[in-house]
Amino acid sequence: MINSILDEGEYEIFITGSNAFLLSSDLATLFGGRTFDLHILPFSFAEFLQYFPGQDRSAAFDAYVEKGGMAGSYLYKNTSDARQYLEGIVRTTIVKDVVKKFRIENEPLLNMTIDYLMDNIGNKTSLRNIADTLTRTTAQTNHKTVSSYVDALCKAYLFYPVTRYDIKGKKYLESDKKYYLSDLGFRFAILGTKKADYGRMYENLVALELIRRGYEVYVGVLYQKEIDFVTIRNGEKTYIQVSDDISDDSTFEREVKPLLAIRDSYPKVLIARTRHSEQQYEGIRIIDIADWLADDFPKYKTL
């Protein structure tokens, strides 16, 4: 029926539904490839500011980090109610859809895998290490099972995998990807705020914003050093480091050192919680994360 309407050439058709029924790959097959994906991510920080106008940008950023971008949660005035709503999205909607779609037999293990990934966003993640950790602490499993679960969670867009990129060798590395959560609100709703590494939280925000802005995103590797992100668009690269507080000299030096070690002439950026206007250091742009997330994209065409 949909194909027959599409053949009339008079309509634009948008299809939505449960992950248990259709994923994007299924749609492409069903409609003979005459589709393209339009990924709708949770609210960006810029959209959050539009939804809650008139706020101080710095205070709004702190609220956005913990509230996240799932606008349905904004209807709840009580934080615990909002987080209960967000937890319900993950546990009741996404998990149930994934279990049904991929015929997963061990739902508790799937939830443990979700919790592990949420607790380790921004860290290099070995699927074998996840399996070993879960086996030691909670449940017997193996890396093949964990791999299938993680793949299902990525196909449901709960997590976004980011591949590592060897800057010197100019090649992609398949081992130890990083997995970024689609919305930080889910993380705080399920794991709470204890032991939250805000540097990793900010890294997650930047990763999702780069994806939202249409960039290829990779984790950079240069010898023994790591650059948080290598972005590529139209053949142009940008190297990005993300940090929380860089007011301490040793922290600042640690963050800029990998960028300074890169010998090509592509732009280099340090995004951090500076609470100051943009600065420059030996060719590296230093930008406050709230400003970078809030400003209109055309201003930062190279980012």
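## Contacts and overall make-up

Two residues are said to be in contact when heavy atoms of theirs lie within 4.5 Å. With that meaning in hand, one can look at the contacts in the protein chain that have a separation of 6 or more, and of these, 56% are accounted for by residues 24 or more positions apart. The model discussed here is a predicted one, and every value in this report has been computed from it.

The protein chain contains 12 helices and eight strands. Of its 303 residues, 46% count as buried, while the chain as a whole exposes about 16,200 Å², of which carbon and sulfur atoms supply 49%.

## Strands β3, β4 and β5

Strand β3, which covers residues 216–222, pairs with strand β4, residues 225–233, in the antiparallel sense, and this pairing runs over six bridges. Within it, Tyr218 has Val230 of β4 as its bridge partner. The hairpin of β3 and β4 has two residues between the strands, and in this hairpin Tyr223 takes a positive phi near 55°.

Strand β4 also pairs with strand β5, residues 236–242, again in the antiparallel sense, here over five bridges. In this pairing Arg233 stands opposite Glu236 of β5. β4 and β5 form a hairpin as well, with two residues between them, and Asn234 in the turn has a positive phi of about 55°.

## The nonpolar cores

In soluble globular proteins, nonpolar side chains tend to be buried together. In this model the largest nonpolar core has 69 residues, and those that touch the most other members are Phe45, Phe61, Leu110, Ile114, Leu158, Phe159 and Phe229. Apart from this core lies another, made of 17 residues, among them Ile246, Ala272, Ile284 and Ile286.

Phe229 offers a way to see what surrounds one of these core members. When its neighbours within four places in sequence are left aside, Phe229 is in contact with residues that include Tyr180, Glu203, Val206, Ala207 and Leu210. The contacts of Phe229 also include Val217 and Tyr218, as well as Thr238, Tyr239, Ile240 and Val242.

## A nonpolar patch at the surface

Which residues form a nonpolar patch on the surface? They are Met1, Ile2, Tyr11, Ile13 and Ile15, and together they have about 500 Å² of accessible area. Ile13 lies in the loop between α1 and α2, and it counts as partly exposed because its relative accessibility is 34%, a value in the range between 20% and 50% that this class requires.

Ile5 has its place in helix α1, residues 2–7. Leaving aside its neighbours within four places in sequence, Ile5 is in contact with Tyr11 and Ile13, two residues that belong to the patch. Ile5 itself counts as partly exposed, because its relative accessibility is 30%.

## Salt bridges

Side chains of opposite charge can pair when their charged atoms come close. A search of the whole structure finds 15 salt bridges, and three of them are described here, beginning with one inside a helix. The side chains of Lys155 and Asp151 meet in a salt bridge, at 3.3 Å from N to O. Both residues lie in helix α8, residues 143–155, where they are four residues apart, about one turn of the helix. Lys155 is partly exposed, with a relative accessible area of 40%, and Asp151 is also partly exposed, with a relative accessible area of 38%.

A second salt bridge joins the side chains of Glu226 and Lys178, at 2.6 Å from N to O. This pair links distant parts of the chain, with Glu226 in strand β4 and Lys178 in strand β2, residues 171–181, and the two are 48 residues apart. Is each of these partners buried or exposed, in full or in part? Glu226 counts as partly exposed because its relative accessibility is 25%, whereas Lys178 counts as buried because its relative accessibility is 0%.

In a third salt bridge the side chains of Arg254 and Glu255 meet, at 3.3 Å from N to O. Arg254 counts as exposed, at 51% relative accessibility, whereas Glu255 counts as buried, at 9%. Elsewhere, salt bridges that share partners join Lys178, Arg200, Glu203 and Glu226 into one network.

Conventions: Residues numbered from 1 in each chain as written. Predicted model: local features only at pLDDT ≥ 70, side-chain atom pairs only at ≥ 80, totals over all residues. Heavy atoms only, no water. Pairing = 2+ DSSP bridges. Core = buried A, V, L, I, M, F, W, Y, C linked by side-chain atoms within 4.5 Å. Buried < 20%, exposed > 50% of the residue type's maximum accessible area, 1.4 Å probe, protein only. Areas by Shrake-Rupley, 256 points an atom, 1.4 Å probe, with all protein chains shown as cover. Patch = residues over 30% accessible without salt bridge, like charges linked within 9 Å, V, L, I, M, F, W, Y side chains within 5 Å. Salt bridge = Lys/Arg side-chain N within 4 Å of Asp/Glu carboxyl O.
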